[in-house]
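Here is a walk through one protein model, from its overall layout down to single residue pairs. Please keep the 3D view open and follow along.

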Amino acid sequence: MRVLVVLLLVFLALSAAAPALAQEGLRVTATSVENRFPEGVSFRLEAQGASSIKSITLYYNLGGLPARLYAYLDFEKGASVKAEYLLRTKGDRYVPPGTEVRYSYVLEDSSGGKLETPEESFLLLDARFPWE
């Protein structure tokens, strides 16, 4: 009976560690957000993985609205990638100055690993004018 309890505890400990091990293979090495008002906002991300990175999804929210939007970043698949996405903010996708943009990324690799980044935010401003 004691052996069964020990084996169960070892199995539970290994099961709990598995998700962390899957995420260790993926890591974000650099990110940047560039305000190109009124054209848009450029999101850039660099990442590395033990396996080929197959998708990078940007999740974002504009101005605290309840809708969570998403976009796929452009990049060449591989174990080390540089990805970019331009969120258009003019024309039919107009986003006014003063809008808070909250965003995070989800990366997935070919071995099933997945990494979700913490949410970050920035304020979209018209750089032609001084804001206080």
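## Strands, core and rings

Let us begin at one pair of residues: Thr 57 has Tyr 72, in β3, as its bridge partner. Keep in mind that this is a predicted model. A second pairing between these strands brings Tyr 59 together with Tyr 70 of β3. Altogether, β2 (residues 40-62) and β3 (residues 69-72) are antiparallel and share 4 bridges. The two strands make a hairpin with 6 residues between them, and Gly 63 in that turn shows a positive phi of about 65°. For background, most residues other than glycine have a negative phi.

Now step back to the whole chain. The protein contains 1 helix and 7 strands, and the order from the N terminus is α-β-β-β-β-β-β-β. Of its 132 residues, 32% are buried. Among contacts with a separation of 6 or more, 58% are between residues 24 or more positions apart. The exposed surface comes to about 8,800 Å², with carbon and sulfur atoms supplying 56% of it.

How much confidence does the predictor place in the protein? The mean pLDDT is 84, and 80% of the residues reach 70 or more. Residues 1-23 deserve some care: their pLDDT stays under 50, and the model gives them 3 contacts beyond four places in sequence.

Strand β2 is a good guide to the sheet, so follow its pairings in turn. With β1 it runs antiparallel, joined by 10 bridges, and one of the pairings sets Ala 30 against Glu 46 in β2. A hairpin of 3 residues connects β1 to β2. The loop between β1 (26-36) and β2 holds Pro 38, and the peptide bond from Phe 37 to Pro 38 is cis, with omega near 10°. As a reminder, most peptide bonds are trans.

β2 also runs antiparallel to β4, again with 10 bridges. Here Gln 48 stands opposite Ser 80 in β4. Gly 78 is another residue of strand β4, and its C-alpha lies 8.4 Å from that of Gln 48, although the two are 30 residues apart in sequence. Is Gly 78 buried or exposed? Its relative accessibility is 15%, so Gly 78 counts as buried. Beyond its sequence neighbours up to four places away, Gly 78 touches Ser 51, Ser 52 and Ile 53.

The pairing of β2 with β5 is antiparallel too, over 9 bridges. In it, Ile 56 stands opposite Leu 107 in β5. Leaving aside neighbours within four places, Leu 107 is in contact with a set of residues including Leu 26, Val 28, Leu 45, Ile 56 and Leu 115. Another residue of β5 (residues 99-109) is Ser 104. Ser 104 counts as buried because its relative accessibility is 9%, under the 20% limit. Its contacts outside four places in sequence include Thr 57, Leu 58, Tyr 59, Arg 68 and Glu 119.

Which residues have the most contacts inside the largest nonpolar core? They are Phe 43, Ile 56, Leu 58, Leu 73, Tyr 105 and Leu 107, in a core of 26 residues. β2, β4 (78-88), β5 and β7 (120-124) each give two or more residues to this core, and β2 gives the most, with 9 residues. In general terms, nonpolar side chains tend to be buried together in soluble globular proteins.

Finally, look at the rings. There are 6 aromatic pairs. The ring centres of Tyr 59 and Tyr 70 are 6.2 Å apart and their planes meet at 45°, so this pair is tilted. The pair links distant parts of the chain, with Tyr 59 in strand β2 and Tyr 70 in strand β3, 11 residues apart. Tyr 59 is partly exposed, at a relative accessible area of 25%. Tyr 103 and Phe 122, by contrast, form an edge-to-face pair, 6.3 Å centre to centre with 65° between the planes. Tyr 103 belongs to strand β5 and Phe 122 to strand β7, 19 residues apart, and both of these residues are buried. Phe 43, Tyr 103, Tyr 105 and Phe 122 form one aromatic cluster, and of these, Phe 43 and Tyr 105 were named above among the core residues with the most contacts.

Technical notes:
Residues numbered from 1 in each chain as written. Heavy atoms only, no water. Pairing = 2+ DSSP bridges. Buried < 20%, exposed > 50% of the residue type's maximum accessible area, 1.4 Å probe, protein only. Contact = heavy atoms within 4.5 Å. Core = buried A, V, L, I, M, F, W, Y, C linked by side-chain atoms within 4.5 Å. pLDDT = per-residue confidence, 0-100. Areas by Shrake-Rupley, 256 points an atom, 1.4 Å probe, with all protein chains shown as cover. Phe/Tyr/Trp six-rings, centres within 6.5 Å; stacked < 30°, edge-to-face > 60°.
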